[in-house]
Each structure stands twice: as C-alpha cells, then as structure tokens.
Amino acid sequence: MKIITPIKQVPETSNVKMDEETGTMVRDGVESIINPLDLYAIEAAIRLKEEHGGEVIAITMGPPSAEKAIREAIAMGCDDGILLSGREFAGSDTWATSYALSRCIEDIGDYDLIFCGLQATDGDTAQVGPGIASFLDLPLATYVSTVEKVYIAEESSYTEPDENSITVERLLEEGYEKLRLPLPALLTVVKEINYPRLPTLSGKRKARDVEIEPKNSEQIEMNKDNLGLQGSPTRVVNIDRPKVTRGGRIIDASEEGKQETAVEELVEYLKSKEML
Amino acid sequence: MKYNPVTEEILVELKEIVGGKNVLTDRDKIEAYSHDETPKEKYAKMPEVVVKPSSTAEVQSIVKLANRELIPVTPRGAGSGLSGGAIPDYGGIVLSVENMDKVIEYDFDNMMMVLQGGVITNNVQEDLAEEGLFFAGYPMSLESCFIGGNIAENAGGGKAVKYGVTGRYVMGMEVVLPTGEVMRLGGKRVKDVTGYDLKRLLIGSEGTLGIVTEATIKLLPKPTKEVALLVLFEDAETAIATVPKIMTETGIIPTGIEFMDRRSVQASCEYLNEHLPYQNCGAMLLIEVDGAEEEQVENDYFKIGEVCEKNGAQEVYVADNHTTRERVWDVRRNIAEAFMVISPEQSLEDIVVPIASIPDLIPELDRLSEKYDIQIPCYGHAGDGNLHATLVKNPEHSMEKWYQIEDECLKEMYEVTYRLGGTISGEHGIGSKRKKYFPEAVSAVELELMKKIKKIFDPNNIMNPGKIFDLE
C-alpha cells in the first residue's frame, strides 16, 4: 500500500500567549511541532503499513523550517517525506493549500489512501482534508474513529471501481456511522482512532540522515494562479473572540432532602437527551 | 517537655499580631494543617491554632509569644512534605507562611532574586523565563511547594544530577530564630568564607532551628532546548547497570536520570492509560539533557541513547518537544499517585546510595519484597543514587500486621542501605516519619552535637519539637 499523510507544522500551543490588541497568537520563541491531530493520522497510516506492507509518505507545505515536521514524521516511522516550499505558496488559505497539496499527491501518484488529521490546532478549519479529496475527486470520510477492514485485491489494478475498499467508522455527535469506501480514498481521523507512538532513536537517526529537497511549483506542475495569497478566495476581515455558549449544569444535591429530587432531575435530564 | 495550651488570652494576642482573619481555630479549617503528604491515619496531628503572618515582624512577634508562653510552633510551607515536617506533633501553633508570597526583588544584574518564604517556587519561573533565566532548585512537587519549605527540607528533584539541590542556589536568607531574634545570613556574595557557614546549617534543618522568612536565590541562564529520552529495558539490573555508564562513557552530565522498575511502570502506565509498549519491559530510564544550542543537545542525546542501545535497551524513545516531554515525564510523575489507587497504605522511602552501588541494592529490595510478602515498587533519581523504594501494604494483611511489617522491613532496608554506603533520606528529610531510625543513621558523637546545636538555637524547644530527634 502507498499511504500519504499531509501534515502541518503548528506552534506548540500548551503555553500559548495571545496578543491582547490584535487577538492573534504570539509566535515568537514558540516551538514548532507537528499538528497534534496529524499524529493520529500518521499513526493510523503506519499501522496499516505494518499490517499490509507498503510505504507511508508525509507531505507538508510551509516555510523551509517545516522540514523539521517531515523529519519528525520520518522519526515516527514514515518512509519518506516531501516539503512543498516556495514564495509562491505564501499566504495560501485552505483552498489554495488543498490545491497545492493535491497537486503534490498527484505527482507522487499510485496511492491507495490519504490520512489527514481532523483539523490543525492553529486554524481549526478542518477544511484541508476534504479540500484535497475534492480536488482529487476522491471518496471522503471525515471524523474516522476506527479503521475496520482494508481490502486490497491481490492483483490490484484499480480498473474496477470497487476493486479495493476500506471500511471505517465515523464518530458522530449521536453515535457512529459505518462506511465502506472504494480506494483510493481520503480519511480525516479523530483522536479516538489510536494512540500515536513516540519517535525512537533509530527513527531519529534515519530522520537526521535523510535528504529533504524542498519542492515548489517549478518541480510540480501547478496552476500558479491558484497559489498563495492571490490564489486564495478567503480574506480575513476581522478577528473576534468566540463566546462560550456551552455551559455545564450543576444539580444541587449537597443537602439531605434535596438528594432524591436531584437524582430524579438527573434521570429526567438524561432521558431527555436520550442517554438513558 | 511540658507545653502550655493555647488559651483564649493567647488567641487574643495572636489576633492582635496578625489580625482576626489570619487566626484559624475552626476545626474544619485547621484540619488541612494537620497533615502533609505522609499517610494521614498514621501521622496527622491537629494544631490548636493556625496563624498566618504576612511579615517578618509578625513572625517575630508570634515566635516571641510562643517562646515566652512555652507553646510549640510548627512552621509550615505548602504542606507537600513527605516526612511529617510540617505536622504539629505537640499541637500548639502552626505558623503558615502562605501569606508571605511576595517577590521582594528581581536583581538581574546579579542574576539573583529575593523572595518571601511563602512564594510558590514554580510561579517565579514564568517571570524569569522572559528574562532567559530560571531557578534550578527543582523539586518534583513543583507546582505547589514554597521556597521556604524547599529550603527547610533542602529539597531535591528530577534535575539534581546536573543542577544539584535547593541549597546550592540559596545565597542568603533572613531567619526568625526560636528565641524571636531576626538574623540575616549570606547575601548576594558569590564567595563568602567569613566565619561558620550558618546558612548551610539552616538549609535542611526541617524547621527546627528557625523560620526562613526571606531568601536570596541564585538564578541560571535558562536552557533553550530540553530533550527527554524514555528508555525501555528488559529488567531492572540491565537498566541500573547502564546508569553510571551514561556519564562515564559519554562525558555528558544529563539534568536527570530517573529509574522506574516494572511495578512502577505498569502501575503508572495503567493509571494514565498510556499505550507505550510497557508490557514487556522490566524497567525504564528517563534521561533528560538540556542546553543552549539545539545541535549540541541533539548530539548529546544521540550519544546517550547509543550508550543505552549498546547496553541492551529494548527501545529508546525521544521526546523533544513540550508535548512529548510532558507525556514521558507524566509516567514518572504519576507513580506515587498510581499506587495510591492500588493500595493507599504505603511507606514512601527516600534512601540514597552511591551511584555505583545501585545495582547491588535492587536484588536486596526484591529479597525484602519476597520475605515480607509486600510489593516494593522502586523508582526515583537513579542519577544521584536516590531511590523511592516504596513499601505497599499487601491488601490481605491486617493493619496491625502491616505496621509490624513496615517497621521490620524498613529496619532491614536501612541496614542494607548503610552497608552499601548509603543513608535513609536523600531529599525528604527525617521529620517525624524517620525519627525512630535516625540514631542508627548517624554516629553518637554527631547526634549529641546536633542536640547541643538545637538547644543553643532553641533553649525552650518550642520550634517544631519532635522532629529529626527527641531531646529528652
């Protein structure tokens, strides 16, 4: 199997500071890491490779320093990586990013699966995975929480539309949905799918020694009008802080006498939400 | 020693000193001051009153009053101690420094800072980081403990291999003596051999010689890169045998080398729902390196990792960003917590032996575990020979039997420790928990001298009485 995992380098956000005036994140001196949700995609890809053989290729688009994310993915167990980097990509929104990554994936060719993290922790749009699927005209399953079964015909030629397939479970708000998708397909995965491994020293050694030549729109054929800021239909007009609309509810059972009615109230509530 | 009770008149006087709201007598409120992190059922004692001064002058007035009226005073930091040091064994006054939480001065030209005894040590790190500095005296209960408590216990922690313990960074202090006098020791001088080093005597004195109200601490340039290696071994012997080689074969001093045996690893990983392949591993080492240059740190961890591989490591995991580092440190930090779930009755020990003797210690612990039919998980700071072998009660034993086993097993464990050139506490202190075993740990001459020192500092024996040793 050939599996591709598009990943993104994001700022380490566990100690994030916000600029009070602009409402944007202070990025100075902040460590860069692989988007935490992409780690689940990498893990899912590596597990399938371990089971079925083949290779996993991590790709990312970003500044030259995003090379570190590729090396980290290789240290975890990816076989190779491609860094898309060039001035022409600067300022890309999710549409332009999806376009560029889809061109890169097409350039790799002969892939069976694409695994993406659900969303990146810096932008939180969850659009790039589905965007790539759309550009490549691939079947798409989002919020995948389980890969149940992969079927690859022994003499796979991809001539029959349903020749190869993957069965997955999607995590929805009110339950699960099971889908079978013909391959090649794109999946975006949620945390429930697995526990990402840590990079090993031997992985780090391999990652240290691998050559990573950045590629740009010269090496990979792309419509330059679709790239960067000029290729991006999104304009950031204003940044607002969201209001938290969800709220917890506390049923008071602190005093004796209230406890029985509190239990009743809780049962009623759970029933109304179809949780009982 | 006969002490006087805290009477209504005394309470009035205390309220005059610190104000009514800083004098607690309500049972519900003072219960929290009756214990530290040692098992409550066995060691907790209720104070008669808790007093929360805000200044050195207030501390002074309280201590003078207590000395005059012969009321015991137990100084208290955050109560995260592990030897009973902050427990009022004779009731009386618990003097909590929690309101003394001000930073008095940042002196970046001298790379030092001056703070009150109740400052949460970890809270200053954030301010310091902006200046590219940090405080390297780094105990494990990092999020809650106070600098005053750190000094009183001379606390250690997970970075002692490279950075040493709290005492190394204490340049000066202001201390209220048991007689109520205020004394300043040291200062901002890097060198000072003017007379006896009384400051050193106060560091680690477990609140028996005075109350640290103010401290001047040395800061270091903050390392910009830290990498932790989590190394899996087939068994404890192989892991422990690797520890001395990490330093001797690479010439690199890591910030810390932590050891976890099979039981510790399994309890913690299950507790955390960690999915590392820990099932087949008999022990882990957690090794951390730091530095100012990413490249240098990378070279260091490769060298250390390769020594581990050469010495039979099953796998070497590399955690080189905040998220993964926290993940591997969590395994180490949650061991004690994890065992609380398995059996809350336990004795957390703090033995320390020369580093090269650790391989001889491990089989002895296994032997004791078998002999007394209890679990003795062992983890801790292998890089400085300081291991938290923990006696965990067998759930099938009665409490009576457990206390008997605890006592006998501890005695035997300590004997083994002495034989290997070690002693009974590396960083938690004697307090009341190990008092009974203390006379075996020092010579008769040394014990007598310590008692004389205590009597000179505290003629009425009112300052944290009943800790380390009994005077009578």
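Student: What share of the 472 residues in chain B is buried?

Tutor: Buried residues make up 48% of the 472 residues in chain B, where buried means that 20 or more other C-beta atoms, placed from the backbone, lie within 10 Å of the residue's own, exposed means 12 or fewer, and partly exposed covers what lies in between. This is a predicted model, in which local features need pLDDT of at least 70 and side-chain atom pairs count only at pLDDT 80 or more, while totals for chains, interfaces and linings use all residues. Residues are numbered from 1 along each chain as its sequence is written, and chains are lettered from A and ligands numbered from 1 in the order in which they are written.

Student: OK, what pLDDT does chain B average?

Tutor: Chain B averages a pLDDT (the predictor's confidence in each residue, from 0 to 100) of 93, and 99% of the residues score at least 70. For the complex, the predictor gives an ipTM of 0.84 and a pTM of 0.86.

Student: And why does chain B count as compact as a globular protein of that length?

Tutor: The radius of gyration of chain B is 23 Å, close to the 23 Å of the globule rule for 472 residues, so chain B is as compact as a globular protein of that length; the radius is taken over C-alpha atoms, and the rule is 2.2 Å times the number of residues to the power 0.38. The C-alpha trace of chain B spans about 70 × 60 × 45 Å along its principal axes.

Student: Which domains does the assignment give for chain B?

Tutor: They are domain 1 (1-222 + 442-472), domain 2 (225-336) and domain 3 (343-437), with bounds that come from an automatic or database domain assignment. The centres of domains 2 and 3 of chain B, taken over C-alpha atoms, are separated by 23 Å, and the contact between these two takes 19 residues from domain 2 and 15 residues from domain 3, two residues being in contact if their C-beta atoms, placed from the backbone, lie within 7 Å.

Student: What classes of residue are on the domain 2 side?

Tutor: The side of domain 2 of chain B that touches domain 3 has 13 nonpolar, 2 polar and 4 charged residues; Ala, Val, Leu, Ile, Met, Phe, Trp, Tyr, Cys and Pro count as nonpolar, Asp, Glu, Lys and Arg as charged, and the others, Gly among them, as polar.

Student: Switching to cores, how many residues has the largest nonpolar one?

Tutor: The largest nonpolar core, a set of buried Ala, Val, Leu, Ile, Met, Phe, Trp, Tyr and Cys residues joined through C-beta atoms within 7 Å, has 122 residues, and B:Leu230 and B:Met284 are among those with the most contacts inside it. Strand S12 (residues 225-233) of chain B gives the most to this core, with 7 residues; strands (E, at least two residues) and helices (H or I, at least four) are DSSP runs, numbered from the N terminus. A second, separate core of 67 residues includes A:Val10 and A:Ile70.

Student: Last one: is B:Lys52 buried or exposed?

Tutor: B:Lys52 counts as buried, because it has 22 C-beta neighbours inside 10 Å. The residue is in the loop between strand S2 (49-51) and helix H4 (56-69) of chain B, and, leaving aside neighbours within four places in sequence, B:Lys52 is in contact with B:Val18, B:Asn22, B:Ser96, B:Glu98 and B:Asn99.
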